[in-house]
Number of protein chains: 2
Amino acid sequence: MTSKLQNEIKKRKPFDRLEEEATLNFLRTEDYLQSRSAKLFRSHGLTASQYNVLRILRGEGQPLPSLEIAGRMIQQVPAITGLIDRLERAGYVERHRCEKDRRVVYVKITAAGLALLGEIEEPLKELQMRMFSHMSRQDLRELIRLLEQVRAAADDE
Amino acid sequence: MTSKLQNEIKKRKPFDRLEEEATLNFLRTEDYLQSRSAKLFRSHGLTASQYNVLRILRGEGQPLPSLEIAGRMIQQVPAITGLIDRLERAGYVERHRCEKDRRVVYVKITAAGLALLGEIEEPLKELQMRMFSHMSRQDLRELIRLLEQVRAAADDE
DNA sequence: GAAAAATACTTGACGTGTCAACTATACTCA
DNA sequence: TGAGTATAGTTGACACGTCAAGTATTTTTC
């Protein structure tokens, strides 16, 4: 009996370990979800990372220091600089240096940024619904539980 | 009641939809798994993509056309060129143009490539075991089932 | 048998993640 | 107060992934 994934990638031998099968399955599935949403973002001139920055800023409701943004994304610090550079150039955010602590740079979402988020909201919601529409509520909840459990190990590090 | 993920990313409002929660959970978890194995690969001078190319070549046991490799990875075609360039420069693969169809480039893993794979095998196995060691066999199997189910929608496209 | 279409890549431009190293500003404490 | 350290961010180099466009070689098709 060959598994579905084994078949997809033309793997000859069955998986040695459930752990390996889970890992590879993960990569495949994530790539699938990722590429679908990336396409949507791109059609609005954004990347997934840029969208995330904007969403964080809108969620907060006020300017945030760059590193705070980096912290809320899963991201390395240096990447955030270029990300904000491009968002600023596109007019979706503004940078302001903090007067009290001149090391800090506050990033603020602009009206244009908010408008763009508004545009994307509906189609993104539809896409998410579509990507999981074939799964039962119960399976979805179970999936979320298992994902959190996988990461549970990360917490004790 | 706030979910674990909601807490991790300091999200204020609870998730509107299970679908959104699943999506974000996915990204987070994948990033966690990815970064752990990337670190291992890097310590052997490889990236995850490079490792995948080598593993595919070893699995096949004979040279493969570039596009066949790209096809077995989840990858866009253009990326494969540079990937193989770097592997070739490092001495882990060789390119040979096919005599029968001169458009085709065969890629072959070298002895050095095989040796490197051998070196990585054990630590990678250990890492995978460790990353999932806190999960029961049953939960692992359930996770794999759900991952495959998520991708089931991809097949009817 | 020549023009058109398909195939197997390759190239270049751009966004992003990663690492290491650097600047500027604030803090600490001796 | 002044040296050392921590913090906030930036820069540069490199590896990808992605898109659009280009080259070289078959294959098709009329």
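This briefing walks through a predicted model with two protein chains and two DNA strands. In this predicted model, local features need pLDDT of at least 70 and side-chain atom pairs count only at pLDDT 80 or more, while totals for chains, interfaces and linings use all residues. Residues are numbered from 1 along each chain as its sequence is written, and chains are lettered from A and ligands numbered from 1 in the order in which they are written.

**Chain A overall**

- Chain A has seven helices and three strands; helices (H or I, at least four residues) and strands (E, at least two) are DSSP runs, numbered from the N terminus.
- Going along the sequence, the order in chain A is α-α-α-β-α-α-β-β-α-α.
- Of the 157 residues in chain A, 25% are buried, where buried means 20 or more other C-beta atoms within 10 Å of the residue's own, exposed means 12 or fewer, partly exposed is in between, and C-beta atoms are placed from the backbone.
- Take the contacts in chain A between residues at least 6 apart in sequence: 44% of them join residues at least 24 apart. A contact here is a pair of C-beta atoms, placed from the backbone, within 7 Å.

**Where chain A meets chain B**

- Each side is listed by chain: 46 residues from chain A and 46 residues from chain B take part in the contact.
- On the chain A side, the elements that give two or more residues are α1 (4–8), α2 (18–43), α6 (111–132) and α7 (137–155).
- The largest share of that side, 16 residues, belongs to α7(A).
- Sorted by class, the side of chain A that touches chain B has 21 nonpolar, seven polar and 18 charged residues. Ala, Val, Leu, Ile, Met, Phe, Trp, Tyr, Cys and Pro count as nonpolar, Asp, Glu, Lys and Arg as charged, and the others, Gly among them, as polar.

**Around DNA strand C**

- There are 23 residues around DNA strand C, and Thr47(A), Pro78(A), Pro65(B), Ser66(B) and Pro78(B) come nearest. A residue is near a strand or molecule if its C-beta atom, placed from the backbone, lies within 6 Å of it.
- Two or more residues come from each of α3 (48–60) and α5 (77–89) of chain A, and α4 (66–72) and α5 (77–89) of chain B.
- α5(A) supplies the largest share of this surface, five residues.
- The class split near DNA strand C is nine nonpolar, nine polar and five charged.

**Around DNA strand D**

- DNA strand D also has 23 residues around it, with Leu67(A), Pro78(A), Thr47(B), Gln76(B) and Pro78(B) nearest.
- At least two residues each come from α4 (66–72) and α5 of chain A and from α3 and α5 of chain B.
- Here α5(B) gives the most, with five residues.
- By class, the surface near DNA strand D has nine nonpolar, nine polar and five charged residues.

**Inside chain B**

- Helix α3(B) (residues 48–60) has 13 residues, so at 1.5 Å a residue it should span 18 Å, and its end C-alpha atoms are indeed 18 Å apart. The expected span is 1.5 Å times one less than the number of residues.
- Buried in α3(B) are Gln50(B), Asn52(B), Val53(B), Leu54(B), Ile56(B) and Leu57(B), and their cover includes β1, α4, α5, β2, β3 and α6 (111–132) of chain B.
- Gly61(B), just after α3(B), takes a positive phi of about 80°.
- β1(B) (residues 64–65) runs antiparallel to β3(B) (residues 105–109), joined by two bridges, with Leu64(B) opposite Val107(B). Strands pair if DSSP finds at least two bridges between them.
- β2(B) (residues 93–97) is also antiparallel to β3(B), with five bridges, and Val93(B) stands opposite Ile109(B).
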